[in-house]
Each structure stands twice: as C-alpha cells, then as structure tokens.
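Trainee: I am new to this model and should like to learn how its descriptive terms are justified. Please take me through them in turn.

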Amino acid sequence: MVKDIRSKVRKVLIVTLILNMTVVAIKGIIGVVTGSLSLQADALHSVTDGVNNILGLVMNQFASPMTDRDHPYGHQKFEALGALGIAVFLGIACFEIVSSAIARIINPIESVSISVVELGLLFLVLGINIFVALYERRVGKRLGSQILIADASHTMGDVWVTITVLAGLIAIWAANQGYIIALQTIDIWLAFPVAFLVFKSGWDVLRNNIPWLVDQMAIAPESIYQTVMEVEGVINCHDIASRGLLGRQVFIEMHLIVEPKDVETAHLITEKVEKKLQEKFYPARILIHIEPLSYQSDQITFDDE
C-alpha cells in the first residue's frame with residue numbers, strides 16, 4: 001500500500017515559504033537602500049521561490065496517492081505537474097538573469113554604495129537559502145517527493161544568484177574603500193555562468209519528471225524477470241511492462257505461466273510473486289495474467305515493432 005506523504009510535504013513547504021519571504025524582504029530593503037539594481041533584481045528572482053512554495057502547496061493538495069472512481073491509479077502525477085511548473089519558473093529566472101546582465105552592459109548603472117552591516121545581512125540571507133535548499137532536498141529524497149526535490153533545485157539556483165550578486169557587491173565595497181580598483185561591472189559578467197547553472201537545474205527537473213508523465217519504463221524488465229523466476233512453481237514470465245517512479249509508485253504488469261493447473265494453487269503462487277516484487281520495488285501495484293503452458297514465450301518485454 002502506497003503511503004500518503006502529503007502532510008509531511010506540506011509542513012516543509014510552509015516552513016520554506018516563511019524563510020523565502022524573509023529572504024525577499026531583506027534583499028528588497030537592502031537593494032532599495034543601497035541603490036543596487038542587481039540586488040533588487042535578485043529580490044524579484046527570489047519571489048519565484050515563494051511562488052514555487054505556493055504552487056507546491058496547491059499541487060500537493062491534489063497529489064493524493066489514494067484511488068477513487070475517477071482516478072483509479074491515484075493522483076500523484078499532479079505532483080509531477082507541479083515540478084514541471086517549477087522548471088518553467090527556472091527558465092524564466094534564467095532569461096531574467098541574462099537579459100538584466102545584457103541591459104546593464106548596454107546601460108551601466110550609477111555607483112552603488114554598501115556597508116559592512118548590509119553585506120553581513122546578505123551573508124545571513126545566503127545562509128538561509130543554503131539551509132532551505134539542503135533541507136528540502138534531504139526531506140524530499142527521504143519521502144520520495146518530486147515537488148520538494150524540484151523546489152530544492154530552484155532554491156539552489158537562487159543560492160548561486162545570491163553568491164554572484166554578493167561577490168559583485170563585495171568588490172564594489174572594496175573599490176569604494178580604496179582597497180582595489182573600481183570593479184562596478186564584475187557582478188554583471190558573473191551573471192552569465194550563474195544563468196547556465198539555473199538553466200541546468202531546470203533541465204534536471206524536466207529530465208526527472210517527464211519519464212513519469214509519459215509512462216516511460218520504470219524498471220528494467222530483465223530485473224523483474226529474474227526476480228519472478230526465483231519463485232518456486234513459476235515456469236515462464238513474459239510481456240513484462242512497468243511504469244511510474246521507482247521508490248514513489250510503480251505499476252508492473254506481466255503474463256505468467258505456473259506449474260499447478262488448479263486455480264487456487266496458481267493464485268497462491270502469484271501472491272508469492274507479488275510479495276517478492278513488493279519487497280524489491282516497493283511501493284508497487286502489480287497485475288499478473290495467468291496463462292496456460294502452451295502460451296510460453298521468450299519475449300520478456302515488448303519490442304519496437
């Protein structure tokens with residue numbers, strides 16, 4: 001039986017939403033006070049973290065693993081849809097970073113003035129972002145929640161953006177103090193590799209969730225075949241198919257031939273097969289079609305023809 005983890009996911013999303021809104025407030029206030037357009041843009045980028053948390057809460061509400069009349073396979077793909085929404089936000093953030101950097105190259109901004117206290121607050125913001133990203137990723141992997149893992153990737157993208165902006169502001173502060181030569185544009189050029197990292201995070205989210213949505217094979221049929229053939233009384237196993245997300249919820253189908261000819265004994269063997277598959281690929285829903293001996297086949301799974 002698949003577990004309903006929505007309440008645990010909801011708690012994580014609420015905690016991270018509060019922390020992300022705190023980050024937005026600090027970045028926005030310091031950006032306005034110092035006149036740093038890059039920091040103001042970073043604050044706007046951080047707003048997407050809060051939006052993603054809200055999106056995650058909405059999707060999590062609908063992503064019930066429990067079945068009903070209209071959704072006999074559960075509602076978990078809603079969570080994958082939420083993760084894809086986060087990938088879209090990552091793409092938008094990447095575009096904003098690149099376009100803002102190009103705009104600042106064409107039209108340089110006025111001098112920015114920042115204090116040590118303000119830099120210290122930004123280091124605090126960076127620490128909050130890192131905590132949120134690591135916290136969501138750890139809990140997401142433990143629970144098998146794609147929405148938390150995807151949101152952690154987005155937050156990590158925000159971490160790199162903050163590091164870039166912070167590095168530029170430190171250089172500007174040092175230049176204003178006369179420690180180094182004026183480097184008002186250093187944060188602009190650092191924005192381009194950061195944009196690439198944000199884009200990579202979005203691509204990773206897509207790569208992890210699209211196979212689930214298009215019902216790509218979840219488990220190698222050879223692995224299922226080997227597990228099934230270890231059960232005493234099984235003669236042949238073929239036409240194996242699987243879909244879903246391993247560790248979250250998988251669906252396995254197969255045709256099976258067993259030694260006993262009476263229905264009751266054959267059924268007991270299929271229960272042993274299901275138990276063995278559950279032990280190895282839990283949680284899983286398994287459908288087994290019993291066939292007569294004459295239906296033996298060497299075709300473990302479906303070919304491309």
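Mentor: Please note that the model is predicted. A helix here is a DSSP run of H or I with at least four residues, and a strand is a run of E with at least two.

Trainee: What makes residues 81-106 helix or strand?

Mentor: That span is 100% helix and 0% strand, with its end C-alpha atoms 38 Å apart. An unreviewed UniProt entry lists residues 81-106 among its "transmembrane region" spans. Another listed span is 156-175; residues 156-175 are likewise 100% helix, and their end C-alpha atoms lie 29 Å apart.

Trainee: How do you know that strands β2 and β3 pair?

Mentor: Pairing requires at least two bridges. Strand β2 (residues 249-258) and strand β3 (residues 284-290) share seven, in the parallel sense, so they qualify as paired. In one of these bridges, Glu 253 has Leu 287 of β3 as its partner. With helix α8 (residues 263-281), the two strands form a right-handed β-α-β unit.

Trainee: Why is Asp 239 called buried or exposed?

Mentor: Asp 239, in strand β1, has a relative accessible area of 19%. The limit for buried is under 20%, so Asp 239 is buried. Its phi is near 50°, a positive value.

Trainee: What makes Asp 215 buried, exposed or partly exposed?

Mentor: Its relative accessibility is 36%. Partly exposed lies between the 20% and 50% limits; therefore Asp 215 counts as partly exposed. Asp 215 belongs to the loop between α6 and α7, and its phi, near 60°, is positive as well.

Key:
Residues are numbered from 1 along each chain as its sequence is written. This is a predicted model: local features need pLDDT of at least 70, side-chain atom pairs count only at pLDDT 80 or more; totals for chains, interfaces and linings use all residues. Side-chain values use heavy atoms; hydrogens and water are left out. A crossover is right-handed if, with the strands pointing away from the viewer, the path from the first strand over the helix to the second runs clockwise. UniProt positions are given in the numbering used here, feature names are shortened, and annotations may be inferred rather than shown by experiment. Buried means under 20% relative accessible area, exposed over 50%, partly exposed in between (1.4 Å probe, protein chains only).
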